[in-house]
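User: Could you take a close look at one part of this model for me, the open sheet and the helices around it? I am in my first year, so please go step by step.

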Amino acid sequence: MKRRLARGVALGVASGLAAGVVAELFRPRGGEPSRLLDLEQVLDRAHGRIPGPPTPARRLAAAAERYQGLAAGVREPLLAAVGGLPAGVRLPPLEAVDRHGWLDLNAGLVRRAIEPLGARALLSDSLAARFGRAGANRYAALLMAFLSARVLGQYDPRLLAPEPEPEPALYLVEPNVAAWEAEAEVDGDDLRRWLILHEMTHAWQFAAHPWLREHLDSTLSGLLAELAGERGRGAGRLVQALGSGRPWRTLRSLQATMSLIEGYSNLLTSIVGRRLLPGHEALEAAYRHRSGRRSPTEVIFWKLTGLDLKLRQYRQGEAFCQDVHDLYGMEALNQAWASPTTLPRPEELNHPDRWHHRITQVHTQ
């Protein structure tokens, strides 16, 4: 009895201490409310993690000029494979950036994503907010610095950009490309043509189908607005909204679309690359080796950040596109770009026959 009483007293004391700590963590400190993520601090930290000085502008300009010459040899074969462009539509020119430039370009998207949250995303000044903000800033900086050293190329459709929308950007991260060229011992021109094919396919997806950017914009904006609105009504309402599944359904739909976008680009790079690039098989093998070779620390990092899941989703999208292409042909696969209603649903990515049946029914009605 005494032992049970002692345990009860100890538990009460521990609970009281825990409650006191929690109360102290969240007690308003009197300072100004602030955002959970300080983007300027994130960028400063991320830039500081990049070794060496920025690449001189003249070297980046020379790399961009080289890209233009290489792109000229792959643009028409790519457009012939995907079905061309509408009259008057053009693909953006290729640019060269270094790791610092990649950080600055992608900071713009992060900034545009958190701005809609506005004052509703402000946290009252407390120890918990300070600790949370510091941890979030370090995490975001580490993730962005890591990606700046891994990304080889990118097409930026300027999602969430204010009107009038800026020109999309199409670029390779030249220091990363050059480092991989030396490490994998592959032909430099073939490597850049291969990467240009991949990113140029993304550019075609958005340039030939303007509704795609509008669809992603409206879906992202709606998701952010919903979360911001529930956040403004209190943590309980936010948890309730998340528990209802509405944001997750929207997020899964977005992920399915992104899987299609990436998988389609991988497929076209493979189809056109085999025809044009003498070193295509060596490039594919080198890329598989690069993707699969990770230290134990990197494996943990990929899992903790969700990058591993994202890579699996892209592979799922590539398998979907490959299966549709092999079973029904490129014309059938391109029906995915007809409208938002023809995009594959999350549950259809593993069942391309179901997607094809649904799309066929739509076109025959």
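Analyst: Two strands are said to pair if DSSP finds at least two bridges between them. With that in mind, and remembering that this is a predicted model, we can begin with one residue: Ala-96 has Leu-172 of β5 as its bridge partner. This link belongs to a set of four bridges that join β2 to strand β5, residues 169-173, and these two strands run parallel.

The sheet itself is open and consists of three strands in the order β2-β5-β4, with mixed pairing. Because β2 (94-97) and β4 (153-156) each have a single partner strand, they stand at the edges, and one side of each is left without a neighbour in the sheet. From one strand to the next, the twist averages 30°.

Next come the helices that contact the sheet. Helix α3, residues 57-72, packs on the sheet by touching β2 and β5, and its direction makes about 145° with that of β2. Helix α5, residues 99-114, lies across β2, β4 and β5, and runs at about 140° to β5.

Helix α5 also has a helix beside it, since the axis of α2 (residues 39-48) comes within 11 Å of the axis of α5, and the two cross at roughly 160°. Angles over 145 degrees count as roughly antiparallel, so α2 is described as roughly antiparallel to α5. The crossing in which α2 passes α5 is right-handed. On the α2 side the residues that meet α5 are Leu-39, Glu-40, Leu-43, Ala-46 and His-47, while α5 brings His-100, Leu-103, Asp-104, Ala-107, Val-110 and Arg-111 to the contact. Sorted by class, this contact holds six nonpolar, two polar and three charged residues.

A last residue to look at is Pro-175, which is found in helix α7, residues 174-184. Leaving aside residues up to four places away in sequence, Pro-175 touches Thr-55, Val-97, Asp-98 and Arg-99, and of these Val-97 lies within the range given for β2, whereas Arg-99 lies within the range given for α5. Although Pro-175 and Leu-60 are 115 residues apart in sequence, their C-alpha atoms are 9.4 Å apart in space. Pro-175 counts as partly exposed because its relative accessibility is 24%, and partly exposed residues fall between the limits of 20% and 50%.

To set this part within the whole, the chain has 16 helices and five strands, and 42% of its 365 residues are buried.

Key
Residues numbered from 1 in each chain as written. Predicted model: local features only at pLDDT ≥ 70, side-chain atom pairs only at ≥ 80, totals over all residues. Heavy atoms only, no water. Axes fitted to C-alpha atoms, helices over the stretch in contact; angles between N-to-C directions. Contact = heavy atoms within 4.5 Å. Parallel < 35°, antiparallel > 145°, perpendicular 65-115°, else oblique. Left-handed = near helix turned anticlockwise from the far one by under 90°. Nonpolar A, V, L, I, M, F, W, Y, C, P; charged D, E, K, R; others polar. Buried < 20%, exposed > 50% of the residue type's maximum accessible area, 1.4 Å probe, protein only.
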